[in-house]
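Please work through the exercises below with the sequence and the coordinates open beside you, and try each task before reading its solution.

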Amino acid sequence: MKLLEDRIKKDGQVLPGDVLKINSFLNHQVDPELMMAIGDEFARLFKDAGVTKVLTCEASGIAPSVMGAYKLGVPMVFARKKKPSTLNDAVYWADVFSYTKKVNNKICVEKKFLSKDDTVLILDDFVAHGEAVKGMVQIVQDAGCKIAGVGAVVAKTFQGGSDWINEQGLHFEALANIDSFKDGQVHFLGED
């Protein structure tokens, strides 16, 4: 998605540890027009997949996922990283390691929001090592749902998560595919 790639080149910052900081439009401050364009693109890519729910992880996946769900005309559910006191014990759990924050998280989704009749599109802000996606796939499988596919706003293809998703036989679409951060610059797949 050219609009997204241009924004990453303009406003993104490569940090040590192969971290891409794009908090001016996705992770801290959200650009609603860009998120709507992202939602349009995810809806276009998965329009024929029979999606009944969109699933993401809090917090940075929420903005693009709610726009994708809106464009698909389905509810968006997000996996919580901490179980609130108002949540009962009827939840699906998965362990997720965050390479960015270097912490283990337990993510959860209340069972009443996913049923065996659902076809779930998993969306996330980043796919790097794929840990969040692995956790969400586990939750969807535990719920007995079908997986329509996996979408990422940004995939760092050199970190293995994209390969894992493809090896599972899942339909995978990333709107910006990063090949490397050579010389501290973002280089997209297929770029000369």
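The exercises that follow concern a predicted model, and they take up helix packing, the nonpolar cores, and several residues in loops and strands.

**Exercise 1. Packing of H3 against H4**

Task: Describe how helix H3 (residues 32-45) is placed relative to helix H4 (residues 62-72), and work out which class of residue makes up their contact.

Solution. Begin with the geometry: the axes of H3 and H4 come within 7 Å, and they cross at roughly 50°. An angle from 35 to 65 degrees is neither roughly parallel nor roughly perpendicular, and H3 and H4 are therefore oblique to each other. The handedness comes next, and here H3 passes H4 in a right-handed crossing. Then list the residues that meet: H3 contributes Pro-32, Met-35, Met-36, Ile-38, Gly-39, Asp-40 and Ala-43, while H4 contributes Ala-63, Pro-64, Met-67, Gly-68, Tyr-70, Lys-71 and Leu-72. Sorted by class, this contact of H3 with H4 holds 10 nonpolar, 2 polar and 2 charged residues.

**Exercise 2. Packing of H1 against H3**

Task: Carry out the analysis for helix H1 (2-11) and H3, stating the axis distance, the crossing angle and the residues that meet.

Solution. The axes of H1 and H3 come within 10 Å and cross at roughly 140°. Since only angles over 145 degrees count as roughly antiparallel, H1 and H3 are oblique to each other. The crossing of H1 past H3 is left-handed. On the H1 side the contact is made by Leu-3, Leu-4 and Arg-7, and on the H3 side by Leu-34, Ala-37 and Ile-38. These residues divide into 5 nonpolar, no polar and 1 charged. Ala-37, which lies in helix H3, also deserves a separate check: leaving out residues up to four places away in sequence, Ala-37 touches Met-1 and Leu-3. By contrast with these contacts, the C-alpha atoms of Ala-37 and Ile-178, which are 141 residues apart along the chain, are separated by 19 Å.

**Exercise 3. The nonpolar cores**

Task: Determine how many residues the largest nonpolar core has, which elements supply at least two residues of this core, and which element gives the largest share.

Solution. The largest nonpolar core has 30 residues, and those with the most contacts inside it are Leu-4, Ile-8, Leu-20, Ile-22, Ile-38 and Val-154. At least two residues of this core come from each of H1, helix H2 (23-27), H3, H4, strand E7 (119-127), strand E8 (146-156) and strand E9 (172-180). The largest share, 5 residues, is supplied by H3. To follow one member outward, take Leu-4: apart from its neighbours within four places in sequence, Leu-4 is in contact with Phe-25, Leu-34, Ile-38, Val-153, Leu-175 and Ala-176. Another core, of 28 residues, lies apart from the largest one, and among its members are Leu-55, Val-127, Ala-132 and Ala-143.

**Exercise 4. Two residues at the E5 end**

Task: Classify Ser-98 and Tyr-99 as buried, partly exposed or exposed, and give their contacts beyond four places in sequence.

Solution. Ser-98 is found in strand E5, and because its relative accessibility is 16%, below the 20% limit, Ser-98 counts as buried. With its neighbours within four places set aside, Ser-98 is in contact with Val-103 and Asn-105. Tyr-99 lies in the loop between strand E5 (91-98) and strand E6 (103-110), and with a relative accessible area of 36% Tyr-99 is partly exposed. Tyr-99 touches His-129 and Glu-131 when residues up to four places away are not counted. The C-alpha atoms of Tyr-99 and His-129 are 7.9 Å apart, although the two residues are 30 apart in sequence.

**Exercise 5. Backbone features in loops**

Task: Find where the residues Asp-18 and Asp-183 lie, give the phi of each, and identify the residues joined by a cis peptide bond.

Solution. Asp-18 is placed in the loop between strand E1 (13-15) and strand E2 (19-21), and its phi is near 60°, a positive value in a residue other than glycine. At 34% relative accessible area, Asp-18 is partly exposed. Asp-183 lies in the loop between E9 and strand E10 (187-188), and its phi is also positive, about 60°. With a relative accessible area of 69%, Asp-183 is exposed. Finally, the cis peptide bond joins Glu-58 and Ala-59, with omega about 0°, and Ala-59 lies in the loop between strand E3 (53-57) and H4.

Notes:
Residues numbered from 1 in each chain as written. Predicted model: local features only at pLDDT ≥ 70, side-chain atom pairs only at ≥ 80, totals over all residues. Heavy atoms only, no water. Axes fitted to C-alpha atoms, helices over the stretch in contact; angles between N-to-C directions. Helix = DSSP H or I, 4+ residues; strand = E, 2+ residues; numbered from the N terminus. Parallel < 35°, antiparallel > 145°, perpendicular 65-115°, else oblique. Left-handed = near helix turned anticlockwise from the far one by under 90°. Contact = heavy atoms within 4.5 Å. Nonpolar A, V, L, I, M, F, W, Y, C, P; charged D, E, K, R; others polar. Core = buried A, V, L, I, M, F, W, Y, C linked by side-chain atoms within 4.5 Å. Buried < 20%, exposed > 50% of the residue type's maximum accessible area, 1.4 Å probe, protein only.
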